[in-house]
Amino acid sequence: MLLAACGSGEDTSTGAVPSIPTPVVTPVVGEVMFAPTPFPGSDGKDHLVYEISLTNFMPTPVTIAGVTVFGSDHDPDDGHDHDADDEGAGASVTMLELDEAGVAARLKPTGAPSAPSPGAPEGFSAVLAPGQNGVLFLHVTFDGKAPKSLSHEIDVRADEAPPERRRTTERIAAVEVDDDDEVPVLGPPLNGEHYIAADACCDAVRHTRAVLPLDGSPVIAQRYAVDWEQAGPDGKIFVGDPKDPASYRIYGDDVLAVADGTVVASRNDLPEQVPGEYPANLPIADADGNNLVLDIGDGFYVNYAHMQPGSVRFKPGDKVRRGEVIGKVGNTGNSVAPHLHVHVMNGPSFLTSQGVPSVTDVFEITGRVADTAAFDASEGTGVPLKMAPGVAVSTQEDRMILDQSVVTFRVG
């Protein structure tokens, strides 16, 4: 027996039969791992940094031959399909196009490293084996207002599949841009000249692409991390014995609180490592060495890593004021040379939280290192830094300091 629904009894239906779209077979599926938040960079542009998890459901290898990123000024859940050719509000615009080589430089297959494509970083490839997952690391720049949502078109090639399934174009991974949250504005973590923002946003492999499988989920706590190093007027990162931490310009510099906050975690007992190589068999809990995590409010936490043993001045529960010295730069934990690692995250764990963007209130850019290879050569061998030409000195406000920038911080 059927029961009548409560109400007036009036028939409010229009009689229209809803249209049900026909499902489309997509041999590769994907979703955005963590919704991106837009932020302004020290290059004068606005940025979005995020990742797509891709999985090949084919019984044959597939090549991701191209990716196009579309930005829209509509909510991805509004129930409408907005194409790039639409007119008026809600139309999509092309924000990024990658060819196969561009994909190969940004797609990291999970598990056993694939043979890298020519010009791609080690372990990166545009090819996913049967059943294999991979992470596609994306970096989009734009001017003006951020899009409300992003969607992605991928060109999939499966050379070993039946002829009718060898080429597929898919629309996947629609995501709303996280533009509601404020990006925290921070003070400087150090005070002085010739500081280098090494392995910083937005395409540094060591941090921005450091996915870790922890507690059953992939996380990137270091998505926006910076390894602060320092050079002297001679352009050298260290002078003297490369095995002695004290030979490095930054060693022993005061580490500053970037905001008022409450300490939620700290460590002070780990010994200095010998520079030149990463320590073997280091427990994951010791990776950040002597560190401190500062709760700065609004769900944001700042992690400082690799400080000198005995130098960390605060313990959990202590209140810290912006500009206070919280420790000294050292070489503890998973560190190859003395430096200060800093990143902002959405939780108190320096490993299992997601990295979120931040900006620095005032700083001066005095140059830029040519590239990561030039930085590595200077840090590893002591040669002067090779600098990029034509970088104008500029004082900037409320922007993220981008990779390989050479910066002066003036405190007080």
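I will go through the open and enclosed spaces of this predicted model, and then through its disulfide, some of its aromatic pairs and two single positions.

Let me begin with the largest pocket, which has a volume of about 860 Å³. Its lining is made up of 36 residues, and those that lie nearest the centre are R206, H207, Q222, Y278 and N334. If you want to place the pocket among the secondary structure elements, those that give two or more residues to its lining are helix α2, at 205-208, strands β15, at 226-230, β19, at 300-307, and β22, at 340-345, and finally helix α3, at 372-381. The largest share comes from α3, which supplies 4 residues. By class, the lining of this pocket holds 19 nonpolar residues, 10 polar ones and 7 charged ones.

Now to the enclosed spaces. How many cavities of 30 Å³ or more does the model contain? The count comes to 2, and I will take them in turn.

The largest cavity has a volume of about 240 Å³, and of the 17 residues that line it, V226, W228, V342, S358 and T360 are the closest to its centre. Strands β15, β22 and β23, the last of these at 359-368, each supply at least two residues of the lining, with the largest share, 3 residues, coming from β22. You may recall that β15 and β22 were also named for the largest pocket, where each gives two or more residues to the lining. As for the character of the cavity wall, 13 of the lining residues are nonpolar and 4 are polar, and there are no charged residues.

The second largest cavity has a volume of about 50 Å³. Its lining consists of V49, Y50, E51, R106, F137, L138, H139, C202, D203, T208 and R209, and the elements that give two or more residues to it are β3, at 46-56, and β8. Here the division by class is 5 nonpolar, 2 polar and 4 charged residues.

One of those lining residues, C202, takes us to the disulfide. The model has a count of 1 disulfide, formed by C201 and C202, whose sulfur atoms are 2.2 Å apart. The angle about the S-S bond is 90 degrees, and the link is right-handed. Are these two cysteines buried or exposed? C201 has a relative accessible area of 2% and is therefore buried, and C202, at 7% relative accessibility, counts as buried too.

Next, the aromatic residues. A search of the whole structure finds 5 aromatic pairs, and I will describe two of them. In the pair of F124 and F137, the ring centres are 6.3 Å apart and the planes stand at 50 degrees, so this pair is tilted. Because F124 lies in the loop between β6, at 107-109, and β7, at 127-128, while F137 lies in strand β8, the pair ties together parts that are 13 residues apart in sequence. F124 counts as buried at 3% relative accessibility, and F137 counts as buried at 4%; F137 is also one of the residues lining the second largest cavity.

The other pair is that of Y195 and F409, which is likewise tilted, with 6.2 Å from centre to centre and 35 degrees between the planes. Since Y195 belongs to strand β12, residues 192-198, and F409 to strand β25, residues 405-409, this pair ties together parts that are 214 residues apart in sequence. Both residues are buried. Ring pairs also link Y195 and F409 with W228 into a cluster, and W228 is among the residues closest to the centre of the largest cavity.

Finally, two single positions, starting with L150, which lies in strand β9. L150 has 2% relative accessibility and so counts as buried. Leaving aside neighbours within four places in sequence, L150 is in contact with P36, L48, Y50, V69, F70, G71, M95, A173, A174, V175 and V177. For A174, 24 residues away along the chain, the C-alpha separation from L150 is 5.6 Å.

The other position is K145, in the loop between β8, at 133-142, and β9, at 149-157. K145 has a relative accessible area of 71%, which means that this lysine is exposed. The C-alpha atom of K145 is 9.3 Å from that of D73, although the two residues are 72 residues apart along the chain.

Definitions and conventions. Residues numbered from 1 in each chain as written. Predicted model: local features only at pLDDT ≥ 70, side-chain atom pairs only at ≥ 80, totals over all residues. Heavy atoms only, no water. 1 Å grid on protein atoms, 1.4 Å probe; cavity = no way out; pocket = protein on both sides within 12 Å on 5 of 7 lines; lining within 4 Å. Points joined across faces, edges and corners; volume = space filled by probe spheres on them. Nonpolar A, V, L, I, M, F, W, Y, C, P; charged D, E, K, R; others polar. Disulfide = S-S within 2.5 Å. Buried < 20%, exposed > 50% of the residue type's maximum accessible area, 1.4 Å probe, protein only. Phe/Tyr/Trp six-rings, centres within 6.5 Å; stacked < 30°, edge-to-face > 60°. Contact = heavy atoms within 4.5 Å.
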